[in-house]
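Reader: Hey, got a few minutes to walk me through this one? I'd like to start with how the helices sit together.

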Amino acid sequence: MQLTQHTDFGLRLLIVLTRMEGGPISLPSFAAEQRLSYNHVSKVAQALVRTGFIRSLRGRNGGVALARSPADITVGEVVRALEPGMRMADCGACELRPGCETSSVLAEALAAFMAVLNKTTLAVAAQSARPAFAAWSAGKSVK
């Protein structure tokens with residue numbers, strides 16, 4: 001499962017804000033530090049303001065800040081807000097759909113993916129001690 005750049009940038013912004021104990025931070029500084037397009041970061045920030053995760057602060061020391069405690073925001077909430085209509089495949093137009101169980105398997109996999117994100121708060125996700133990803137290989141479990 002791969003999230004869009006929009007969601008990736010949104011999660012990055014929220015994690016940086018969490019690590020800075022809520023902010024505020026300036027979007028141009030964040031974009032430059034992360035080597036991201038300011039225009040794209042600005043659109044992501046607008047979506048995060050609209051969905052109530054961050055608030056916009058005007059003025060000389062303005063920028064954006066968390067609107068809620070990182071312990072009260074789950075990664076799943078953020079992903080659902082920034083990835084409306086998220087699905088793993090478009091089975092609706094597939095000729096194999098009648099009599100095929102793939103769509104139900106993919107729906108179950110997506111539900112499992114979201115279950116992990118739903119139990120992970122920003123406070124936990126922002127901890128630097130977590131591994132970046134878990135190694136896996138087809139047909140084998142890695143411990």
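**Helix packing and other features**

Author: Sure. Helix 1 and helix 3 pack with their axes 9 Å apart, at an angle of about 75°. Keep in mind that this is a predicted model.

Reader: OK, so how are helix 1 and helix 3 oriented to each other?

Author: Roughly perpendicular, because an angle from 65 to 115 degrees counts as that, and theirs is about 75°.

Reader: Which residues meet there, helix 1 against helix 3?

Author: Helix 1 brings Gln 5, His 6, Phe 9, Gly 10, Leu 13 and Leu 14. On the helix 3 side they meet His 40, Lys 43, Val 44, Ala 45, Ala 47 and Leu 48. By class, that contact has 7 nonpolar, 4 polar and 1 charged residues.

Reader: While we're on helix 1, what about Thr 7? Buried or exposed?

Author: Thr 7, which is found in helix 1, is buried, with a relative accessible area of 0%. The cut-off for buried is under 20%.

Reader: What is Thr 7 in contact with, leaving aside its neighbours within four places in sequence?

Author: Val 79, Leu 82 and Glu 83. Val 79 and Leu 82 are among the buried residues of helix 4.

Reader: Nice, then let's do helix 4. Which of its residues are buried?

Author: Helix 4 covers residues 75-82, and the buried ones are Val 75, Gly 76, Val 78, Val 79 and Leu 82. They sit on the same side of helix 4, because they cover an arc of only 160° around the axis.

Reader: And what covers the buried residues of helix 4?

Author: The cover includes helix 1 (5-19), helix 3 (38-50), helix 5 (102-118) and helix 6 (122-125).

Reader: Switching topic: how do strand 1 and strand 2 run, parallel or antiparallel?

Author: Antiparallel, with 4 bridges joining strand 1 (residues 54-57) to strand 2 (residues 63-66). One of the pairings puts Ser 56 opposite Val 64 in strand 2 as its bridge partner.

Reader: What's in the turn of that hairpin?

Author: There are 5 residues between strand 1 and strand 2, and Gly 59 in the turn has a positive phi of about 105°.

Reader: Last one: which residue other than glycine has a positive phi?

Author: Arg 35 is one of them, with phi near 60°. Arg 35 lies in the loop between helix 2 (27-34) and helix 3. At 78% relative accessibility, Arg 35 counts as exposed, because the cut-off for that is over 50%.

Note on methods:
Residues are numbered from 1 along each chain as its sequence is written. This is a predicted model: local features need pLDDT of at least 70, side-chain atom pairs count only at pLDDT 80 or more; totals for chains, interfaces and linings use all residues. Side-chain values use heavy atoms; hydrogens and water are left out. Buried means under 20% relative accessible area, exposed over 50%, partly exposed in between (1.4 Å probe, protein chains only). Helices (H or I, at least four residues) and strands (E, at least two) are DSSP runs, numbered from the N terminus. The arc is that of the directions from the helix axis to the C-beta atoms. Contact means heavy atoms within 4.5 Å. Two strands pair if DSSP finds at least two bridges between them. Axes are lines fitted to C-alpha atoms, for helices over the stretch in contact, and angles run from 0 to 180 degrees between N-to-C directions. Ala, Val, Leu, Ile, Met, Phe, Trp, Tyr, Cys and Pro count as nonpolar, Asp, Glu, Lys and Arg as charged, and the others, Gly among them, as polar.
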